[in-house]
Every structure is written in structure tokens, then in C-alpha cells.
Amino acid sequence: MRSKLFVPGCRPELFVKAMDGAADALSFDLEDSVAQAGKAQARADLAAFLRSARALASDKTLIVRTNAPDSADFEADLQALAGARVDLLNVPKVESADDVLHAIEALERHLHRDGGLPGLLVNIETPKGLRDAARIAAAHPGVAGLQLGLGDLFEPLGIDRRRGENVHSAMFAVRLAAAQAGVFACDSAHPEFRDGAQFQAEAELARSLGFVGKSCIHPRQVEWANAIFRVGEAEVAAAQRVVEAARVARDAGRGAFSVDGRMVDPPFLRRAEAIIAAAQRQSTHVTEPNR
Ligand code: COA
Ligand code: MG
């Protein structure tokens with residue numbers, strides 16, 4: 001899931017356009033991009049689209065961002081989505097393990113289907129949520145990933161997003177919380193869509209921290225995210241050399257050995273295996289990372 005494009009639920013004319021675009025995942029939004037007066041119409045239009053043949057046949061990861069779990073709209077969102085294709089449910093403003101359990105309980109009531117439940121992609125975007133991120137990620141096996149939300153976390157507090165150290169602190173905390181629970185981390189959306197410099201700097205930082213991809217709000221950002229999070233051929237070839245050398249070393253009873261002038265031992269081998277797995281997901285369009 002290198003790129004995850006937000007599509008406002010109140011703009012059904014964008015649904016097919018987004019499906020035809022380059023994003024690995026689409027996140028149809030019922031929360032902040034939809035005004036209160038338009039919520040009912042948006043959820044009806046979105047649910048109808050996600051039941052259509054076009055949506056059912058798509059090889060993209062299809063996500064719905066609901067309203068916050070403590071809002072009256074949350075229950076209505078899930079009710080409307082019964083029988084619709086939802087690969088991941090993105091829940092905003094989660095602040096505790098109890099919020100996760102509440103969301104899972106509602107999911108079980110409304111979105112249960114033969115193949116199980118859609119995974120939860122949980123937003124970490126409040127000070128409390130960030131402090132409890134590890135407990136939130138581990139609250140239930142249905143949590144598939146953590147989603148950083150820097151707009152909600154920084155803007156009301158006056159935290160300057162252009163300063164890399166501010167962004168790094170939040171990213172690092174979310175990435176380690178996700179890792180502790182064995183789930184993936186996805187980077188925040190960025191409001192700047194004309195000039196790529198800020199988005200790209202954030203995306204590079206997120207990739208260097210092991211995030212799987214970045215949220216986008218505009219098709220132009222999708223191109224940037226796909227390029228930055230793409231697993232390249234040279235990276236895969238280097239990883240394959242590590243895996244092959246590990247096999248030879250294992251047969252010789254060695255745990256530490258050298259490849260391309262670097263020492264390799266088990267954590268480096270695990271990273272190489274993860275790179276190969278990510279490349280395979282990329283080529284087979286399986287965009288939701290394994291847990
Ligand atoms: N999904 C699909 N298509 C989109 C799109 C999106 N999120 N955002 C823009 N496009 C399309 C436009 O329809 C336009 O298509 P066209 O060339 O066929 O007319 C093209 O991409 C270029 O769009 P542009 O004119 O540059 O943008 P805009 O001024 O129309 O819209 C935004 C800018 C920010 C309002 C819009 O991109 C948007 O609503 N993004 C999502 C916001 C959101 O969901 N926020 C909540 C999560 S943080
Ligand atoms: Mg938000």
C-alpha cells in the first residue's frame with residue numbers, strides 16, 4: 001500500500017476516476033471531507049458504489065474512513081456498509097484500547113461476512129492516542145495497522161509541520177507502537193499538493209522508518225508516493241543475495257557472515273526477507289501487508 005488516496009464520500013463523481021488512477025489503495029471518506037448535512041447521502045452513495053461490480057472486481061485495497069467511534073454517525077456508517085466491499089475500515093480519533101474494542105464490536109454486528117471481518121486501520125492523531133498507541137495497536141487481533149494523522153495532531157496545537165524533527169518524533173512513536181503489536185504503519189496525508197517538496201520529504205522520512213506507504217489527497221501525490229515507496233530492483237537483488245548467503249552460512253553452521261562488504265546476522269536477514277515479501281506484494285497487487 002504505497003499510496004492510499006482519500007476520496008470524499010460526498011463526491012461520487014470521483015469514485016470511478018479514483019478507481020482508474022494509480023493509487024494502490026482508496027480511502028473513501030465519510031468523516032472530515034463530508035459536511036454534516038451531507039453525511040447520510042454520502043454513506044448511501046458510497047455503500048451503493050462498494051456493492052457495484054466495479055468495486056467488487058477491483059485489485060486495489062478499498063478502505064472506508066468512518067466517523068469517530070464516539071459519534072452517532074459511526075453506527076450509521078457501519079449500518080450503511082453492510083454487504084459492501086470493505087477491505088479495511090479506517091477509524092479516526094481512536095484514543096484507547098476500549099475505542100478499538102467498541103469498533104470491533106460494531107464491525108462484528110454490521111460487517112461480518114464469510115471471509116471474516118475487514119481489518120481495522122486505526123488512526124493515531126490525538127495526544128492521548130499517541131501516548132497509548134502501542135496498547136491501541138495490540139488491543140485486538142483485528143487491528144491491521146496504525147495510520148498517523150499529522151493534520152489533526154499538529155494543527156490545533158500549533159506544532160510546525162515543516163520542521164522535520166517534529167514530524168520525526170510522531171512518526172517514530174507510531175512506527176514503534178505498530179511494530180510492538182506486529183502491525184503495519186501508514187504515513188499521514190499532507191495538504192500540499194502543488195509543490196511536491198514537502199510531501200516528498202515526509203514520504204522519504206516515512207520510508208526510512210519502515211512505513212509501508214503514505215496517504216494522499218490528490219492524484220499528483222499518488223505518483224510521488226508510488227515512486228518513493230516502490231521497492232526497486234537493486235534493493236530486491238541485494239536482499240536476495242543476503243537470503244542466499246544466509247542459506248549457505250546456515251549449512252556451514254554460521255549465524256554471522258558478510259554480503260557486499262557488510263555483516264549480516266538474523267535481524268539483517270529478517271529485513272532482507274521483508275523486502276522480498278514487499279516486492280512480491282507490489283507485483284501481485286496484494287497491497288495489504290502481511291502481519
Ligand atoms: N480523488 C480522485 N480524483 C481527484 C481527487 C481525489 N481525491 N482530487 C482531485 N482529483 C481529480 C480532479 O477531479 C481533477 O480531475 P480532472 O482533471 O478530470 O478535472 C484532477 O484530479 C485535478 O484536480 P485539481 O483541480 O488539481 O484539484 P481540486 O482543486 O479539484 O481539488 C482538493 C483539490 C484538495 C479539494 C481535492 O483533491 C480533494 O478533495 N481531495 C481529498 C480531500 C480529502 O478527502 N480530505 C480528507 C482526508 S485528509
Ligand atoms: Mg482528520
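These legends go with several close-up views of a predicted model.

**View 1. The second largest pocket and its lining.**
This view looks at the second largest pocket, whose volume is about 690 Å³. Its lining is made up of 36 residues, and Phe 6, Val 7, Ala 189, Ile 217 and His 218 lie nearest the centre. Strand 1 (3–8), helix 1 (13–20), strand 6 (143–148), helix 8 (150–154) and helix 11 (219–229) are the elements that give two or more residues to this lining. Which element gives the largest share? That is strand 1, with 4 residues. By type, the lining residues divide into 15 nonpolar, 11 polar and 10 charged.

**View 2. The largest nonpolar core, and a second one.**
Here you can look for the 64 residues of the largest nonpolar core. Those with the most contacts inside this core are Phe 28, Leu 50, Leu 81, Leu 89, Leu 120, Val 122 and Leu 146. Helix 9 (residues 164–181) gives the most to the core, with 6 residues. A second core, separate from this one, has 15 residues, including Val 231, Val 236, Ala 239 and Phe 257. As background, nonpolar side chains tend to be buried together in soluble globular proteins.

**View 3. Val 122 and its surroundings.**
Val 122 sits in strand 5 (residues 119–124). Is Val 122 buried or exposed? Val 122 counts as buried because its relative accessible area is 0%, and the cut-off for buried is under 20%. Setting aside residues up to four places away in sequence, Val 122 touches Val 91, Val 94, Val 100, Ile 136, Val 143, Gly 145, Leu 146 and Gln 147. To get a feel for the scale, find Leu 148: it is 26 residues from Val 122 along the chain, and the two C-alpha atoms are separated by 8.5 Å.

**View 4. Helix 11 and what it packs against.**
Helix 11 was one of the elements lining the pocket in View 1, and this view turns to its buried residues. They are Gln 221, Val 222, Trp 224, Ala 225, Asn 226, Ile 228 and Phe 229. Which elements do these residues pack against? They pack against strand 1, helix 10 (196–208), strand 8 (214–216) and helix 13 (266–284). Strand 8 also holds Lys 214, which is buried, with a relative accessible area of 0%. Val 248 lies 34 residues from Lys 214 along the chain, and their C-alpha atoms are separated by 37 Å.

**View 5. Two salt bridges, Arg 109 with Glu 75 and Lys 128 with Asp 132.**
A search of the whole structure finds 26 salt bridges, and this view picks out two of them. In general, side chains of opposite charge can pair when their charged atoms come close. Arg 109 pairs with Glu 75, and their closest N and O atoms are 2.5 Å apart. This pair links distant parts of the chain, with Arg 109 in helix 5 (residues 97–110) and Glu 75 in helix 4 (residues 72–80), 34 residues apart. Arg 109 is partly exposed at 45% relative accessible area, and Glu 75 is partly exposed at 26%. In the other pair, Lys 128 forms a salt bridge with Asp 132, with the closest N and O atoms 3.7 Å apart. Lys 128 is partly exposed at 41% relative accessibility, whereas Asp 132 is buried at 17%.

**View 6. Arg 241 and Asp 260.**
The side chains of Arg 241 and Asp 260 meet in a salt bridge of 2.9 Å, N to O. Where do the two partners lie? Arg 241 is in helix 12 (residues 233–251), while Asp 260 is in the loop between strand 9 (257–259) and strand 10 (262–264), 19 residues apart. Arg 241 is partly exposed, at 40% relative accessibility. Asp 260 counts as exposed because its relative accessibility is 53%, and the cut-off for exposed is over 50%. Asp 260 also has a positive phi of about 55 degrees, although it is not a glycine.

**View 7. A salt-bridge network with Lys 93.**
A network of salt bridges links Asp 29, Glu 31, Asp 32, Arg 65, Lys 93, Glu 125 and Asp 152. Lys 93 lies in the loop between strand 4 (88–91) and helix 5, and is partly exposed at 23% relative accessibility. The phi of Lys 93 is near 55 degrees, a positive value in a residue other than glycine.

Notes. Residues are numbered from 1 along each chain as its sequence is written. Chains are lettered from A and ligands numbered from 1 in the order in which they are written. This is a predicted model: local features need pLDDT of at least 70, side-chain atom pairs count only at pLDDT 80 or more; totals for chains, interfaces and linings use all residues. Side-chain values use heavy atoms; hydrogens and water are left out. On a 1 Å grid over the protein atoms alone, a cavity is a set of points where a 1.4 Å probe fits but cannot get out, and a pocket is an open set with protein on both sides within 12 Å along at least five of seven lines; lining residues have an atom within 4 Å of a point. Grid points are joined across faces, edges and corners, and a volume is the space filled by probe spheres set on the points. Ala, Val, Leu, Ile, Met, Phe, Trp, Tyr, Cys and Pro count as nonpolar, Asp, Glu, Lys and Arg as charged, and the others, Gly among them, as polar. A nonpolar core is a set of buried Ala, Val, Leu, Ile, Met, Phe, Trp, Tyr and Cys residues joined through side-chain atoms within 4.5 Å. Buried means under 20% relative accessible area, exposed over 50%, partly exposed in between (1.4 Å probe, protein chains only). Contact means heavy atoms within 4.5 Å. A salt bridge is a side-chain nitrogen of Lys or Arg within 4 Å of a carboxyl oxygen of Asp or Glu.
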